[in-house]
Amino acid sequence: MEEVRATSAWVASHSSHVTVDSEGIEKLVESVENSIPKVEWNYEGIHYFDNGPLTLQYLFVLDTLNFCFWPDKELNYDDLASGLKEALEKDQTVFDADRLQKYTGPELRELLKWPRPLPLEDERVRLMHEVGFELERSFGGKASNIVESCGKSAAKLVSTIARHFPGFRDHTMYKGHQVFLYKRAQIFAADVWGAFKGEGYGEFSDVGSITIFADYIVPAVLQQLGVLRYSSNLDNIIKGNKEIGSGTEEEVELRACSIYAVEKMRDLIQKRTGKQVLSVELDLWLWAYGISNPSLQHHRTLSIYY
Ligand SMILES: Nc1nc2c(c(CN[C@H]3C=C[C@H](O)[C@@H]3O)cn2[C@@H]2O[C@H](COP(=O)(O)O)[C@@H](O)[C@H]2O)c(=O)[nH]1
């Protein structure tokens, strides 16, 4: 994940529309350093868990589809997580690699019990096929084999997923530089770590190498907390709910500056308190805070990455 960290820092230092406010970081860290809110993974109780390999199959399918909920005002991440959970509880073969390769849009909707077409439904179905095909071709059909092949390294897990599954290659060009964000690949590693509580399949010697997951909730939270500042033009676009194109400077800056800012927070917490805090833990706190504030306005980009 060094490339995520390094390229996000590069964006932050060349940024035109988003500023990381060091004073804002200091104030926020000062207010939370002695009691960083601890949020339990699956605090919502919406995820499937059976302590075995089927949980990994579930999490991998979940993070294959873990993007772009906002175009449907009523659809949330929770609907995806709990819909897939219920489907798996009813039929343990729903995420078998051969079945993943055959789903149609209407079948996916039926699986999730969603009454209308999903946002970016064709892409969701295409990605399920891609995942089913590559799982079968290289991993005996099982997501657990991906995890087992990574020798307890989260960084290796992320790079293995990015190498094998094109849909997880969350990267872009920014001012002539390639920038890596790897949101869904990293969140899969974090979900495995969280679900298994850092043990068994979830034991990673380098969980600290994971950065936050640059989605559309965390940037909005960081802006609200005074850590990010937007240009007035960008502020108007977000407040006006106007779409921001995928790969535009604005979009890349929102995501990369969020990663960079949380890394800075983490460094400062360590410097001031001597305590090591993980970016995954900061992410879960910030994300849960954002989700509990539905009035928070976030940027709107049609993307398969987040
Ligand atoms: N940074 C970050 N982004 C996250 C998550 C999660 C869920 N993680 C689960 C794992 C354990 C916990 O118990 C969580 O339930 C989803 N998202 C993103 O949010 C957006 C959905 O928003 P809305 O449209 O309002 O549902 C969408 O981009 C989605 O990809 C996270 O943890 N961190």
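## Polar contacts of the ligand

An oxygen atom of the ligand sits 2.7 Å from a polar backbone atom of Asn42. The model is a predicted one, and the distances given here are computed from it. A second backbone contact involves Tyr77, where an N or O atom of the main chain is 2.8 Å from an oxygen atom of the ligand. The side chain of Asp283 also takes part: one of its N or O atoms is 2.7 Å from a nitrogen atom of the ligand. On its own the ligand has 670 Å² of accessible area, and the protein covers 96% of this.

## The shell around the ligand

In total, 22 residues surround the ligand. Asn42, Glu44, Asn66, Lys183 and Asp283 are the closest of them. Asn42 and Asp283 thus appear both in this list and in the contacts above, Asn42 through a backbone atom and Asp283 through its side chain.

Two helices, α10 (residues 183-195) and α14 (residues 279-291), each contribute at least two residues to the shell. The largest contribution comes from α14, which supplies four residues. By class, the shell holds 13 nonpolar residues, four polar ones and five charged ones.

## The second largest pocket

The volume of the second largest pocket is about 200 Å³. Its lining consists of Gly83, Glu86, Ala87, Lys90, Asp91, Val94, Arg99, Tyr103, Glu107, Glu110, Leu111 and Lys113. Two or more of these residues come from each of α4 (residues 77-90) and α6 (residues 105-112). Helix α4 gives the most, with four residues.

Sorted by class, the lining has seven charged residues, four nonpolar and one polar. The charged residues include Glu86, Lys90, Asp91 and Arg99. In the shell around the ligand, by comparison, the count is 13 nonpolar and five charged.

## Salt bridges

There are 18 salt bridges in the structure. One of them pairs Asp21 with Arg229, and the closest N and O atoms of the two are 3.1 Å apart. What does this pair tie together? Asp21 is in the loop between β1 (residues 18-20) and α2 (residues 22-32), while Arg229 belongs to strand β4 (residues 228-230), so the salt bridge links parts that are 208 residues apart in sequence.

Terms used. Residues are numbered from 1 along each chain as its sequence is written. This is a predicted model: local features need pLDDT of at least 70, side-chain atom pairs count only at pLDDT 80 or more; totals for chains, interfaces and linings use all residues. Side-chain values use heavy atoms; hydrogens and water are left out. A residue is near a molecule or strand if one of its heavy atoms lies within 4 Å of it. A polar contact is a pair of N or O atoms within 3.5 Å; within protein, one must be able to donate a hydrogen and the other to accept it, and residues adjacent in sequence count only if both atoms are side-chain atoms. Accessible areas come from the Shrake-Rupley method with a 1.4 Å probe; for residues, only the protein chains shown count as cover. On a 1 Å grid over the protein atoms alone, a cavity is a set of points where a 1.4 Å probe fits but cannot get out, and a pocket is an open set with protein on both sides within 12 Å along at least five of seven lines; lining residues have an atom within 4 Å of a point. Grid points are joined across faces, edges and corners, and a volume is the space filled by probe spheres set on the points. A salt bridge is a side-chain nitrogen of Lys or Arg within 4 Å of a carboxyl oxygen of Asp or Glu.
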